[in-house]
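Here are my notes after going through the model. Have it open next to you while you read.

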Amino acid sequence: MTILIDPPNVPAHGRFWSHLASDESYDELHAFARTLGIPERGFDRDHYDVPAEWYDDVLAAGALAVSSRVLVARLIAAGLRRRKPQRPR
């Protein structure tokens, strides 16, 4: 199992957020999120958005702390990266 979390450095909605992902499978990611009570609505294409207040609990549950760059690179290498559709210009 390889669950990854990056630092809570994305500001939105008055708080900071981390990204929680798996470089193995979406099934693994969803199962891990369920064990922590992370709501399904937090899933965004290939990761969960997790508020900064949850960061330490996610690490304690077994997630590996990585940089945002490493998290994206691992998703791409595993073929699990789902990018946002590009808007017409």
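Which residues form one aromatic cluster?

1. Y26, F43 and Y48 do. Before the details, some housekeeping: this is a predicted model, in which local features need pLDDT of at least 70 and side-chain atom pairs count only at pLDDT 80 or more, while totals for chains, interfaces and linings use all residues. Residues are numbered from 1 along each chain as its sequence is written, and side-chain values use heavy atoms, with hydrogens and water left out.

2. The aromatic pairs. Searching the whole structure turns up two of them; rings of Phe, Tyr and Trp (its six-membered ring) pair if their centres lie within 6.5 Å, and planes under 30 degrees apart count as stacked, over 60 as edge-to-face and the rest as tilted. Y26 and F43 make an edge-to-face pair, with 6.3 Å from centre to centre and 85° between the planes. This pair ties together distant parts of the chain, 17 residues apart: Y26 belongs to helix 1 (residues 26-36) and F43 to strand 4 (residues 43-44). Helices (H or I, at least four residues) and strands (E, at least two) are DSSP runs, numbered from the N terminus. On accessibility, Y26 counts as buried because its relative value is 17%, whereas F43, at 24%, counts as partly exposed. The cut-offs are under 20% relative accessible area for buried, over 50% for exposed, and partly exposed in between (1.4 Å probe, protein chains only).

3. Strand 3, residues 15-22. Six of its eight residues are buried, so you can call the strand mostly covered. Strand 1 (residues 3-5) pairs with strand 3 in the antiparallel sense over three bridges, and I3 has S22 as its bridge partner there. Two strands pair here if DSSP finds at least two bridges between them. Strand 2 is also antiparallel to strand 3, again over three bridges, with A12 standing opposite R15. Strand 5 runs antiparallel to strand 3 as well, joined by four bridges; H19 has D49 as its partner in strand 5.

4. Two backbone angles to look at. Most residues other than glycine have a negative phi. H13 goes the other way, with a positive phi near 55°. The residue sits in the hairpin of strand 2 and strand 3, which has two residues between the strands. H13 is exposed, with a relative accessible area of 76%. R45 is another non-glycine with a positive phi, about 65°, and its place is in the loop between strand 4 and strand 5 (47-51). At 22% relative accessibility, R45 counts as partly exposed.

5. D46. Buried or exposed, would you say, for D46? Buried: its relative accessible area is 1%, even though the residue is found in the loop between strand 4 and strand 5. Its side chain makes a polar contact of 2.8 Å with that of H47. For that term, two N or O atoms must lie within 3.5 Å; within protein, one must be able to donate a hydrogen and the other to accept it, and residues adjacent in sequence count only if both atoms are side-chain atoms. Leaving out residues up to four places away in sequence, D46 touches A21, Y26, L29, L75, L80, R81 and R82, where contact means heavy atoms within 4.5 Å.

6. L29. This helix 1 residue is buried, with a relative accessible area of 0%. Beyond its neighbours within four places in sequence, L29 has contacts that include I3, L20, F43, D46 and Y48. The C-alpha atoms of L29 and T2 are 8.9 Å apart, with their positions 27 residues apart along the chain.

7. The largest pocket. Its volume is about 180 Å³, and its lining includes H19, R45, D46, H47 and D49. Helix 3 (68-78) and strand 5 each supply at least two lining residues, and helix 3 gives the largest share, three residues. A pocket here, on a 1 Å grid over the protein atoms alone, is an open set of points where a 1.4 Å probe fits, with protein on both sides within 12 Å along at least five of seven lines; lining residues have an atom within 4 Å of a point. Grid points are joined across faces, edges and corners, and the volume is the space filled by probe spheres set on the points.
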